[in-house]
Amino acid sequence: GSMKRPRPVHRIDAATGGLLCVAKTRRAMTCLSTAFENRLPRKRYRAVLCGHLEGDGGVVDTPMDGKPALTRWSAVRRAPPPGV
């Protein structure tokens with residue numbers, strides 16, 4: 001059933017500012033907690049970069065906070081340099 005107020009389940013990427021995942025029902029809380037416990041959620045990000053980016057994609061395999069962290073990236077679109 002529903003809870004009196006939404007409850008935090010997980011802080012996604014707390015080391016980088018993060019995003020709070022909140023459950024509105026007990027069932028959602030159980031399902032989300034289990035999913036995060038088993039590392040099932042996949043995260044996707046979009047970034048806007050200034051400057052030159054080498055290549056059209058790649059992999060960054062660098063630990064974060066002592067834990068393994070693998071990031072696959074690809075350039076979605078390139079803007080012309082300023083003044084062009």
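How many nonpolar, polar and charged residues are in the lining of the largest pocket? Keep that in mind as you open this predicted model; the tour comes to the pocket after a walk along the strands, the helix and the cysteines.

**Stop 1: the hairpin.** Select β1, residues 2-12, together with β2, residues 19-25. These two strands run antiparallel, and six bridges join them. Six residues lie between the strands of this hairpin, and there you can pick out Asp-13, with a positive phi near 55°.

**Stop 2: Arg-7.** Stay in strand β1 and click on Arg-7. Across in β2, Ala-23 is its bridge partner. Is Arg-7 buried, exposed or partly exposed? Its relative accessible area is 34%, so Arg-7 counts as partly exposed. Now draw a distance from the C-alpha of Arg-7 to that of Ala-28: the two atoms are 10.0 Å apart, while the residues are separated by 21 positions along the chain.

**Stop 3: the helix.** Next, select α1, residues 26-37. From first C-alpha to last, the 12 residues of α1 reach 16 Å, close to the 16 Å expected at 1.5 Å a residue. Just after α1, look for Arg-39, which takes a positive phi of about 55°.

**Stop 4: the cysteines.** Show the side chains of Cys-21 and Cys-31. Why is there no disulfide at Cys-21? The closest cysteine sulfur, in Cys-31, is 11 Å from that of Cys-21, which is too far for a bond; the cut-off is 2.5 Å. Seen from the other end, Cys-31 is likewise in no disulfide, with the sulfur of Cys-21 as its nearest at 11 Å. The count of disulfides is zero. As for their surroundings, Cys-21 is buried at 16% relative accessible area, whereas Cys-31 is partly exposed at 45%.

**Stop 5: the largest pocket.** Finally, turn to the largest pocket, which holds about 2,400 Å³ of space. To find its centre, select Lys-43, Arg-44, Tyr-45, Thr-71 and Arg-72, the closest to it of the 44 lining residues. Then colour β1, α1 and β4 (70-74), each of which supplies at least two residues of the lining. With five residues, β4 gives the most.

That brings us back to the opening question. Colour the lining by class and you will have 24 nonpolar, seven polar and 13 charged residues.

Notes:
Residues are numbered from 1 along each chain as its sequence is written. This is a predicted model: local features need pLDDT of at least 70, side-chain atom pairs count only at pLDDT 80 or more; totals for chains, interfaces and linings use all residues. Side-chain values use heavy atoms; hydrogens and water are left out. Buried means under 20% relative accessible area, exposed over 50%, partly exposed in between (1.4 Å probe, protein chains only). On a 1 Å grid over the protein atoms alone, a cavity is a set of points where a 1.4 Å probe fits but cannot get out, and a pocket is an open set with protein on both sides within 12 Å along at least five of seven lines; lining residues have an atom within 4 Å of a point. Grid points are joined across faces, edges and corners, and a volume is the space filled by probe spheres set on the points. Helices (H or I, at least four residues) and strands (E, at least two) are DSSP runs, numbered from the N terminus. Ala, Val, Leu, Ile, Met, Phe, Trp, Tyr, Cys and Pro count as nonpolar, Asp, Glu, Lys and Arg as charged, and the others, Gly among them, as polar. The expected span of a helix is 1.5 Å times one less than its number of residues. Two strands pair if DSSP finds at least two bridges between them.
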